[in-house]
Structure formats: C-alpha cells, structure tokens
Amino acid sequence: MIIQWFPGHMAKARREVSEKLKYVDIVFEIVDARLPLSSRNPMLDQIIQQKPRLILLNKADLADSKQTSLWQNYFTKAGFGSVIVNAQQGKNINRILPESKKVLEEKILRNQAKGLKPQAVRAMVIGIPNVGKSTLMNRLVKKNIAKTGNKPGVTKGQQWLKVGNDLELLDTPGILWPKFEDQKIGQKLALTGAIKDDLLHMEELAFYGLAFFGQYYPRNLMERYQLTEVSLTQSPADILAEIAVKRGFKDNYDRACELVIQEIRSGKLGTYTLDRYEEVEKY
Ligand code: G4P
C-alpha cells in the first residue's frame, strides 16, 4: 500500500517519529540496497538528530553486491554503522544486535562504569513504504506481526516486541516519505516497485529500465531477451517491440512494458543497483 504524502501527512508522520524517539536508544534506518540514497527520507537527519542510528541495507539479494559493498563503505566513512541484510530470507539478521551494541558502545560502557545492570537495547525501525520494515520486524521477532499499513498510524500505547533478552523493538515502525518530488528519484523508486503502478506511466518506466540496463548491465538484458548488441543500439521503443515479438505478444506493446518492469523488479534480469556509487557527487 502506498499513501499520498500531503504536507499534513508529512508533518504528522514526522511528529509521530519524533515522539517515539525518546523511548529508544537507537534507530534502525532501513534503506533499499538498490537505492541506498534514493530510498532515504530527505529529512531524517533533522528528524532524528543525534539519536544513534544503524543503517540496514535491505533487499541485498536484489542488489549488485559490488555496489552494495561500496555503499556500505560510503556509510562507514560518513560515520554510520550498517548491516547488509536480506529480511525476506533472514540473512545477516543476527548481525543487527552486535552492530547496534557497537554503535552504542560509549553509552553501554558509561552505564557499566556506573554499576548499572545491562539493559536490553531499545530500537525503532524507520523507513519509507515497502522498504521491508514489517518483513524485518517479523524476522527479528520470529512471528507474524500484523502489517501496520502505510498510514501515519494512530499512536497506541507504547508496546515492545522482545527479540531475545538483549533487544526490544517498538511495535510499530516509523513510516516516512521518500524524496519523490525529485523526478529521477521517483523513477528509480517506481522501477523497484516502491511506488504503486497506477500512479505511473508504464511506458516511460519501461524505457527508463531498458536504458538503465543497457548502460550498466547490457549482458543481462541481452541474455534475458535474446537481444544482440545491434538490437541494443535501437531506441527503447524498438527494443520493446522486439521483446514483444520474442515473447509472443506480437504487437501488444503494453504487455511487453509490464513484463520488462516486472522482471526488473523481481530480479529476473539479475541483481542491480540504481543509485551508482561512482556518481555519488550527483546525489
Ligand atoms: P514495509 O513494511 O516497509 O512497507 O515493507 P514490507 O515488509 O511489507 O515489504 C515490502 C515487500 O518487500 C514485500 O513484498 C516483502 O516480501 C519484500 N521484501 C522485504 N524484504 C526483502 C528482502 O530482503 N528481499 C526481497 N527480495 N524482498 C524483500 P511483497 O511482494 O509486497 O509481498 P510478498 O509477496 O512478499 O508477500
């Protein structure tokens, strides 16, 4: 589910996150590993301020692993702890607690020096819609937490979900908006499926996807649709027409658009990263 972010919604979402911050030691900021910058909330720094943070690069199974490592270095250099995870399969989930303790080391040592009993780390999960917040929380808690829906939710009494003895999660994640007023970012979010289809122009999105794969992963594109290098020099419209014929859709061009978008989203064209580390200065 995607919601429309009107200024009123944004203010409310922001207020809800700010209110909950006081209950937690650390924020788990989930980003999509295919979009390590574009899937961030543009105002998160301002919203969470000095609250310690651990960045979780989720959906790593769908991202280009070379780029993911580069992005992890980028976050390290920026002073953030991070873990590369795949919430769907539970990969690296067990790294989250130790990395959180590293981020909170100073505080933990201070409390130890004061002779205080060790406390469970209290965390809240924050991220844009569809980035994997519920999936990750379910994985951590190992049960089915009811999906909260992407509404800037009604604040209930604060409830905690226990993850073993050392970690407690706030029961509802913080849902914040992406920077979708930037068209390029909007297109990237749409191609990964973070933005609902009916809001988009499918043809434009398919063109964008084909151009992107043509530039960064041409082999994958050629192999998936049995295209030659010459085919790739054609316009995206001609490439799509060729794919439509090859897949037996004849002149059903719309179906070819949907197919390409769907296959990119689900990883059938291989792993990919839309935010390119080498272009970092452009973000
Ligand atoms: P949200 O709470 O942040 O809104 O996101 P949610 O957990 O609902 O996840 C959104 C979609 O992303 C779900 O797919 C979920 O399965 C998928 N997802 C989450 N983490 C990962 C991951 O690490 N790798 C991959 N490949 N996918 C992930 P869906 O199609 O909406 O639902 P479903 O078909 O899985 O039920």
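This text walks through salt bridges in a predicted model. The structure contains 15 of them. Three pairs and one network are taken up below.

Start with Asp 25 and Lys 107. Their closest N and O atoms are 2.9 Å apart, and the two residues form a salt bridge. Asp 25 sits in the loop between helix H1 (7-21) and strand S1 (26-32), while Lys 107 belongs to helix H5 (residues 105-113), so this contact ties together parts that are 82 residues apart in sequence. Lys 107 is partly exposed, at a relative accessible area of 34%.

Turn next to helix H4 (residues 96-103). Both Lys 102 and Glu 99 lie in this helix. They are 3 residues apart, about one turn of the helix. The two form a salt bridge, with 3.3 Å between the closest N and O atoms. How do the partners stand, buried or exposed? Lys 102 has a relative accessible area of 53%, over the 50% cut-off, so Lys 102 counts as exposed. Glu 99 has 14%, under the 20% limit, and therefore Glu 99 is buried.

Now move to Arg 276 and Glu 278. Their side chains meet in a salt bridge, at 3.3 Å from N to O. Arg 276 is buried, with 6% relative accessibility. Glu 278 is partly exposed, with a relative accessible area of 41%.

The last stop is a network. Glu 29, Arg 40, Asp 45 and Arg 53 are joined into one network by salt bridges that share partners.

How values were computed:
Residues numbered from 1 in each chain as written. Predicted model: local features only at pLDDT ≥ 70, side-chain atom pairs only at ≥ 80, totals over all residues. Heavy atoms only, no water. Salt bridge = Lys/Arg side-chain N within 4 Å of Asp/Glu carboxyl O. Helix = DSSP H or I, 4+ residues; strand = E, 2+ residues; numbered from the N terminus. Buried < 20%, exposed > 50% of the residue type's maximum accessible area, 1.4 Å probe, protein only.
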